[in-house]
Amino acid sequence: QERMSMKLLALAALAAPAAAFVAQPAGFASSAALRSGISSAARARPLHTGVSMLVSKDLKHQTPLLPAARESALAPLQSSASEPAQPKKSIDIVLIIYFGLWYLGNYYYNITNKLALQAAGGAAGFPLTIATMQLGVGCLYALFLWAAPDARSYPKITLADIKAMIPVAFCAAFAHSFSVFALSAGAVSFGQIVKAAEPAFAAVLGVTIYGKKISKGKWLCLIPIIGGVILASVKELDFAWSALITAALANVFAAFKANENAKLMTTPGISNRLENVGNQFAWTTILAFLISVPVMIAKEGSKWGAFCTLAKTNNIVMWNMVASGVWFYLYNELATMTIKKTSAVTQSVANTAKRVIVIVGVAIVLGESLAPMKLIGCAIGIGGVFLYSTIDMIIKPAKN
């Protein structure tokens, strides 16, 4: 309709000189002169050219024959151009893949680790040897990535950087060894429930050793965490004090590791020299393996021949030990990558969901007990962990 109006206005504008010519008063130029002027103008610009130029799409570049009509035609175009384009929200497919592989890796690590420990005799067998070999598998994988073309560049770190990483690696080695021993002595689901209480250990160590401040809200959240672990332990059919104590020690070293890693990242330039989190985790795994070897020799070195014989003759031990080492390395590296791409709330939800999936899923696959009291304690404890992670965002801590 706007175009039709513009055409009609254009035709009216072109017809105006003819009407003026017909109704000209006395004193105007002669008809011959006017006809000569009109014909020369027509030769210079044909009629169809003038109309098409006026009603063309690009009105900005045409002669403003009718300013009012031109402004009314350009008004909607100018208003739409002035509005900023709204960015389209896209789904982060890479992040979804990270989450999926992180959950999958943690799930299969717990299953393959438990199968290898059971086939090797449980807590009385070779838990420290298996834990050390798992770190060794991770070392081989890290070295392969550095050697393979276009896989991962070797970090340009210094000897001082390696020395600075030793405290983190030491804590990582003992956290892993105690965790494996706990899972060899008791049910995986019970060990995971105890390990969910890590924030309680982190809070105590942070305040007493590292001088950190914990809000009252976080302190209150420790009540359901500890209470949930106690409830889950009351009716645990596979309860063992060794599983409880070693899982608690794993939490202690995991809390130390988190604080030492935070200190490590304050070293000037170390992040740039490591280049990425993959290289950092690779070096931590290598150092943790080197630290674990003397402990393994001291504790289970006398049984090394028996372990080698068992690994050669029992495929369940060998394949599950190798598989658990690969899953352990991959899921820890993926967890670090995932956490770097998400907010604090997303991390809390993700960790909570991961523990629920692992506890319930592994218990079903391995036939472990899921008594009502154990499930209630699990729900209370994991709910307390989630609340601990988010309480300061829900209720802002009071400033001293």
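# Briefing: an all-helix chain and its salt bridges

Cys-308 counts as partly exposed, because its relative accessibility is 24% and the partly exposed class runs between the buried limit of 20% and the exposed limit of 50%. Welcome to this predicted model, a chain with 17 helices and zero strands. Here is a friendly tour, from the overall picture down to single residues.

**The chain as a whole**

- The chain has 400 residues, and 40% of them are buried.
- Its accessible surface comes to about 21,900 Å², and carbon and sulfur atoms hold 69% of that area.
- Among contacts with a separation of 6 or more, 86% join residues that sit 24 or more positions apart.
- One example of sequence distance set against distance in space is Leu-249 with Phe-174: they are 75 residues apart in sequence, yet their C-alpha atoms lie 8.5 Å apart.
- Leu-249 belongs to helix α11, and it is partly exposed because its relative accessibility is 31%.

**Cysteines**

- How many disulfides does the model have? The count comes to zero.
- A disulfide is a covalent bond between the sulfur atoms of two cysteines, and the count here takes sulfur atoms within 2.5 Å as the cut-off.
- Cys-171 is buried, because its relative accessible area of 7% is under the 20% limit.
- Cys-308, the residue that opened this briefing, is at 24% and so counts as partly exposed.

**Salt bridges**

- Side chains of opposite charge can pair when their charged atoms come close. A search of the whole structure turns up three salt bridges.
- Glu-333 and Arg-152 form one of them, with 2.4 Å from N to O. Glu-333 is in helix α15 (residues 315-340), while Arg-152 is in the loop between α6 (127-147) and α7 (159-185), so this pair ties together parts that are 181 residues apart in sequence. Both Glu-333 and Arg-152 are buried.
- Arg-273 and Asp-161 form another, at 2.6 Å from N to O. This pair also links distant parts of the chain, with Arg-273 in helix α12 (residues 270-274) and Asp-161 in helix α7, 112 residues apart.
- Are the partners Arg-273 and Asp-161 buried or partly exposed? Arg-273 is partly exposed at 25% relative accessibility, whereas Asp-161 is buried at 3%.
- Lys-263 and Glu-260 also meet in a salt bridge, at 4.0 Å from N to O. The two lie in helix α11 (residues 241-264), three residues apart, which is about one turn of the helix.
- Within that pair, Lys-263 is partly exposed because its relative accessibility is 47%, while Glu-260 is buried at 16%.

**Helix α6**

- Does the rise of α6 leave its ends about where one would predict, and how far apart are they? At 1.5 Å a residue, its 21 residues should span 30 Å, and the end C-alpha atoms are 31 Å apart, which agrees.
- Of the 21 residues of α6, 15 are buried, so this helix is largely enclosed by the rest of the structure.

**A nonpolar surface patch**

- Which residues form the nonpolar patch on the surface? They are Ile-93, Ile-96, Ile-97, Leu-101, Leu-104 and Tyr-108, and together they have about 530 Å² of accessible area.
- Ile-97, one of the patch members, sits in helix α5 (residues 93-119).
- Ile-97 is partly exposed, because its relative accessible area is 45%. That value is over the 30% that a residue needs to join a patch.

**Positive phi angles**

- Most residues other than glycine have a negative phi. Two residues to look at in this respect are Asp-150 and Glu-275.
- Asp-150 has a phi near 60°, a positive value in a residue other than glycine. Asp-150 is placed in the loop between α6 and α7.
- Asp-150 is exposed, because its relative accessible area of 85% is over the 50% limit.
- Glu-275 has a phi near 80°, again a positive value in a non-glycine residue. Glu-275 is in the loop between α12 and α13 (277-300).
- With a relative accessible area of 38%, Glu-275 is partly exposed.

Note on methods. Residues numbered from 1 in each chain as written. Predicted model: local features only at pLDDT ≥ 70, side-chain atom pairs only at ≥ 80, totals over all residues. Heavy atoms only, no water. Patch = residues over 30% accessible without salt bridge, like charges linked within 9 Å, V, L, I, M, F, W, Y side chains within 5 Å. Areas by Shrake-Rupley, 256 points an atom, 1.4 Å probe, with all protein chains shown as cover. Salt bridge = Lys/Arg side-chain N within 4 Å of Asp/Glu carboxyl O. Helix = DSSP H or I, 4+ residues; strand = E, 2+ residues; numbered from the N terminus. Buried < 20%, exposed > 50% of the residue type's maximum accessible area, 1.4 Å probe, protein only. Expected span 1.5 Å × (residues − 1). Contact = heavy atoms within 4.5 Å.
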